[in-house]
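Here are my notes on the model you sent, set out as numbered points. Please read them with the structure open beside you.

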Amino acid sequence: MLLPSLARIAHLCSGKSLLRIPRSLPAPVRFIGRDQNADAARRHRIRTTIYYVAAAGVLTVGMSYAAVPLYRMFCQAYSYGGTTSQGHDAEKVETMQRFKDRVIKIRFNADLGAAMRWNFKPQQPEINVVPGETALAFYTAKNPSDQPVIGISTYNVIPFEAGQYFNKIQCFCFEEQQLNPHEEVDMPVFFYIDPEIMDDPKMELVDSITLSYTFFEAKEGLNFQMPSYATKHGS
């Protein structure tokens, strides 16, 4: 019974009629559609991120030039954010009552915008004043560069609620100041604390106020107009 089987196997191995092995195999099928879609989506997300970052950079630069007039107009219109009172009555300054038993410490702070090339600092870290009494302080600004630099400043006070009682008779805020190469100047701040602070319950425990200035570099030729509701210092 085994002989026919062996013969059959020999026939199968030597024959050409039953089993044929192809000389070359077909190339494997590659499913690339899904990978291509994923790569396209990834590239789209990267481009979108780059566009957002670029737009944010442009917006930041634009807002840095608009910050001074916008800040001034908003804060002075609504006495918000510790903006001090611009107006002053000469007769009131001469006749206002002084409260010598209420001493308030005024601290001075100086900051610079990121692109500002000046050196800027207060000459005195703090002084003591009483409501109804005028006081004079100074800041110093220096241009250490080899080119003229025009600066413009904003200001506020802390605590914010004290801004309506902090009256400046003369200062250098919101007006362009040009310093020539290596020029140094003293900048005065003439102010008083309105005696009406004594009638405000929110101010009862306030014994110190911080006056803070920030100088930004202004491009030559720009003119920030004073709003109609603000009184120019010295007028």
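1. I begin with one pairing between two strands: Asn119 has Lys142 of strand 4 as its bridge partner. Please keep in mind throughout that this is a predicted model, and that the values below are computed from it. Strand 4, which covers residues 134-142, is joined to strand 2 by four bridges, and the two strands run antiparallel.

2. That pairing belongs to an open sheet of four strands, in which the order is 2-4-8-6 and the pairing is antiparallel. The edges are taken by strand 2 (119-122) and strand 6 (166-170), and because each of them has a single partner strand, one side of each is left without a neighbour in the sheet. On average, and with direction ignored, neighbouring strands of this sheet are turned by 30° against each other. As general background, the strands of a sheet pair through backbone hydrogen bonds, in either a parallel or an antiparallel manner.

3. For the chain as a whole, the count is three helices and nine strands, and the order from the N terminus is α-α-α-β-β-β-β-β-β-β-β-β. Of the 235 residues in the chain, 33% are buried. Among contacts with a separation of 6 or more, 79% are between residues 24 or more positions apart. The accessible surface comes to about 15500 Å², and carbon and sulfur atoms account for 57% of that surface.

4. Within strand 6, I would draw your attention to Asn167. Is this residue buried or exposed? Its relative accessibility is 4%, so Asn167 counts as buried, the limit being under 20%. A polar atom of the Asn167 side chain lies 3.2 Å from the backbone oxygen of Tyr165.

5. The aromatic residues deserve a point of their own, since the count comes to 12 aromatic pairs. One of these is formed by Phe120 and Phe172, which are edge-to-face, with 6.2 Å from centre to centre and 90° between the planes. Phe120 lies in strand 2, whereas Phe172 lies in the loop between strand 6 and strand 7 (177-179), so the pair ties together parts that are 52 residues apart in sequence. Both partners are buried: Phe120 has a relative accessibility of 10%, and Phe172 has a relative accessible area of 4%.

6. Tyr155 and Tyr213 form an aromatic pair that is tilted, with 6.0 Å from centre to centre and 50° between the planes. Because Tyr155 lies in strand 5 (residues 149-158) and Tyr213 in strand 9 (residues 208-217), this pair ties together parts that are 58 residues apart in sequence. Tyr155 and Tyr213 are both buried.

7. Ring pairs also link residues into a cluster, whose members are Phe108, Trp118, Phe120, Tyr139, Tyr155, Phe166, Phe172, Phe191, Tyr213 and Phe215. The four residues discussed in the two preceding points, Phe120, Phe172, Tyr155 and Tyr213, are therefore to be found within this cluster.

8. Finally, Pro159 is placed in the loop between strand 5 and strand 6, and with a relative accessible area of 22% it is partly exposed. Which residues does Pro159 contact, once its neighbours within four places in sequence are left aside? They are Val206, Ser208 and Ile209. Although Pro159 and Val206 are 47 residues apart along the chain, their C-alpha atoms are separated by 8.4 Å.

Methods:
Residues numbered from 1 in each chain as written. Predicted model: local features only at pLDDT ≥ 70, side-chain atom pairs only at ≥ 80, totals over all residues. Heavy atoms only, no water. Buried < 20%, exposed > 50% of the residue type's maximum accessible area, 1.4 Å probe, protein only. Contact = heavy atoms within 4.5 Å. Areas by Shrake-Rupley, 256 points an atom, 1.4 Å probe, with all protein chains shown as cover. Pairing = 2+ DSSP bridges. Axes fitted to C-alpha atoms, helices over the stretch in contact; angles between N-to-C directions. Polar contact = N/O pair within 3.5 Å; in protein donor to acceptor, adjacent residues only side chain to side chain. Phe/Tyr/Trp six-rings, centres within 6.5 Å; stacked < 30°, edge-to-face > 60°.
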